[in-house]
Amino acid sequence: MAQALLLVGLPLGVATLVYLLRRVWAGAMIAALITLLLTWLTVRLPTGVVFNLLGRTIELDELSQVTLFLLFAATAGLFLMLILLTLPHYQDRRLAGALYRRKQEARIFYPAALVILALFGAASLSRHLGITAIFVELAAILMVFVIQTERLESTRAALRFLTLISLATPLFLLAARQIDEYQLSGGAVLAQDIERTALFVGLGFAAWLAVIPFHSWLTSTASESSPPTAAFVLITFPIVAISTLAHLVIDLPWLTDSQYLVTGIIIAGVVTAFVGGLLSAIQRGFGELMGYAALFNLGCIVALFGLGGRAAIVTILASLAARTLALVLMAACLSTLSILSANSGFTQVRGAAYQMPVAAGGLVAAGLTLAGAPFTAGFASSWQLIHAIVVVDARAAVLLIIGGVGVAIGYLRGLRMMLAAAPATGNRNDLSARRLSEPWPLLIFISLFILGTVFLGIFPAALIDPLQQFSVYTLFPIR
Amino acid sequence: MMPTLPEIVQYLQSVSYDSALLGLFITAGLIIVSRDWRLLILALLIQYILVGVILSRIVQPDLAVLKVLIGAFICPILFLSAQQVAGSEVSVQAVVLPLRRNKLVAVWRRLGWRWSVSGPVRRQKLAPTGAYFRFMVGLLLILVASTISRTFPLPGLAPAVSTAVYWLVMVGLVVLALTEDPMKAGHGLFTVLTGFGMYYNTLESSLLLAGLWGAVNLLLALAVGYLIVVRGTGLDPEEGL
């Protein structure tokens, strides 16, 4: 059983080696190989209680297995993408300048991401809300360095992220304290105690899950950070937050007796998705659009959580998997486009579709996946959400559809700009003057991801069936 | 002869709750009004000591001393970061002030009033609110904290301690709402966490959680310090001008 500790110890141990080798090719390769190994290891390890640490249970269950699998797989994908983006082009002078900054960022990203994964692993194994919150807080502190990297223009994203996550931790500690008290007393939990705990838990998760109005950490990270690091934050943090929330309601089903918690989760999800989708439609750059599209998608997942039902866990996990796929694809496409233009504003990428058609197409495919459009991996869970929410309130379904359309409009606006002819000004930095195309390894990487998202859109069972095997033993209390 | 730690703790325990609360009104008030980093860090350090004084009468003295020690580690981290940035700010001011041709501002600064009125040049431009506004907000928060602590007293705590917890948390949140400067926001964040810690330490006796929470606070200081330095290093000339 102690093998489960490998999920924490391995990335932590290798991070030091990767840091020492960060300036050479081997460091990146080791980081990618280790995350791939961890991805494989996660689903192979036996489940059950690992041990007790000072009276707190450390346990690997089926839900943790899937969420950790997604975390490791996403990080492996991002590492591979960065390797493909930077390593083969050292000799190409035209690309060297464009990729210099990305290489510098990657040197910090590889070891820091491994330590963050270790902390998330520890958080996922812990069954005590307070300890989980502290591990997540530690990961958030380290993420500040990943978000900021070597950018000197602004500290807004990193500061907002740090502040909001740090403000959530005390709420979780108070909730954990109350939960401990109820469990130690052994008696029935009073209604007022349930409401108080639900309030702390609700506010804490609102900050973690970027629910409106606590969303600024997510959107500013997407717009200010580089695409791979932004994708890493946007993928990993919500997965751990959703996993922790799911564990909490599964372990403490009395929490769902709260008058406000479940309704609050549904309303928060719908409002977040609606506002995120609406704001997506009016963004002027792919960086900002990535943030608001991810916000819309996260709102949908939160709403799914609140709606519950027998298939809730499978639907949420399928949704998280599709989101992971879309964000890795988006990061790959934005990183590829950054070879042409450092800025991902719509005006700056004008005409990019003619030089990098696969990256442009991949960006739109990823955006539509986040929007839950038909024939993309996000459609199955999106359809399930609409189907479930219509029964509760048809107006909420309308808001979610409007949000989804908003995200799609945002990406179609971006595509229109990428298809527009770039104005020729004679400036050597203009896209029309720079005859660059996608590096072929990235071309293959992006093509595979596009095919993957379309395949899962047409055959959703390929995603849902394996997830069902893992979540069959999980009884979700919200019905 | 140097007093021993138990003697110091015994002496500090003689300080009344009301005196400590008054001290917290002043230190957190300075954090909300002031923009001078030296004054901010000093206020934060005194705040940690005052919280330690209050805690020494409620929880085990060791835990109270630990709280003060954590503060004593956090403040130097912030000080060293701010000191690094201060050098770059001086150089920007040397360029900016002559360009502005604002003699009055320059004289005002030399008089040493910058902490209460404007702060360093770049912060002056970023700040959305003035010193008088922040002062009035501080006064308002004292009233709000006193009222809330009477209406919703925290279980098991003296009224003055309840007021102190509410006051620190509210001041910290207001500071966070008013600024995006890492130095000032960091102080806001630590003020919130100090207020929370004061309440939480009376509830939780787990050494594991207390130790982890202390480590989190120290690492937070490192992250805030990093952002302070980054912000200072990346000083945008347009911001200063």
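# Exercises on a predicted two-chain model

Among the elements of chain B, helix H12 (residues 237–240) has the lowest mean pLDDT, 37, and H9(B) has the highest, 94, where pLDDT is the predictor's confidence in each residue, from 0 to 100, and helices (H or I, at least four residues) and strands (E, at least two) are DSSP runs numbered from the N terminus. This is a predicted model, in which local features need pLDDT of at least 70 and side-chain atom pairs count only at pLDDT 80 or more, while totals for chains, interfaces and linings use all residues. Residues are numbered from 1 along each chain as its sequence is written, chains are lettered from A and ligands numbered from 1 in the order in which they are written, and side-chain values use heavy atoms, with hydrogens and water left out.

## Exercise 1: confidence in chain B

Find the stretches of chain B where pLDDT stays under 50.

Solution. Begin with the whole chain, for which the mean pLDDT is 81, with 78% of the residues of chain B at 70 or more. Next, take residues 94–101 of chain B, where pLDDT stays under 50 and the model has 12 contacts (heavy atoms within 4.5 Å) beyond four places in sequence. Then turn to residues 235–241 of chain B, where pLDDT also stays under 50 and 13 such contacts are found. Where pLDDT is low, the predicted coordinates should not be read in detail. For the complex, the predictor gives an ipTM of 0.88 and a pTM of 0.89.

## Exercise 2: the make-up of chain B

Determine how many helices and strands chain B has, and what percentage of its residues is buried.

Solution. The secondary structure of chain B consists of 12 helices and 0 strands. Of the 241 residues in chain B, 53% are buried, a term for under 20% relative accessible area, with exposed meaning over 50% and partly exposed in between (1.4 Å probe, protein chains only). Finally, among the contacts in chain B between residues at least 6 apart in sequence, 76% join residues at least 24 apart.

## Exercise 3: the lining of the largest pocket

Work out which helices line the largest pocket, and which helix gives the most residues.

Solution. A pocket is an open set of points, on a 1 Å grid over the protein atoms alone, where a 1.4 Å probe fits, with protein on both sides within 12 Å along at least five of seven lines; lining residues have an atom within 4 Å of a point. The largest pocket holds about 1400 Å³ of space, and of its 42 lining residues the closest to its centre are Leu171(A), Phe200(A), Leu203(A), Val169(B) and Leu173(B). At least two lining residues come from each of H6 (156–185) and H7 (191–208) of chain A and H9 (159–178) and H10 (182–203) of chain B, and H6(A) gives the most, with 14 residues.

## Exercise 4: from H7 to H8 in chain A

Locate the cis peptide bond and the residue with positive phi in the loop between H7 and H8 of chain A.

Solution. Pro213(A) lies in this loop, and a cis peptide bond with omega of about 10° joins Ile212(A) to Pro213(A). Ala210(A) is placed in the loop between H7 and H8 of chain A as well, and has a positive phi of about 55° although it is not a glycine. With 0% relative accessibility, Ala210(A) counts as buried. In helix H8 (residues 216–224) of chain A, 8 of the 9 residues are buried, including Trp217(A) and Leu218(A).

Technical notes
Grid points are joined across faces, edges and corners, and a volume is the space filled by probe spheres set on the points.
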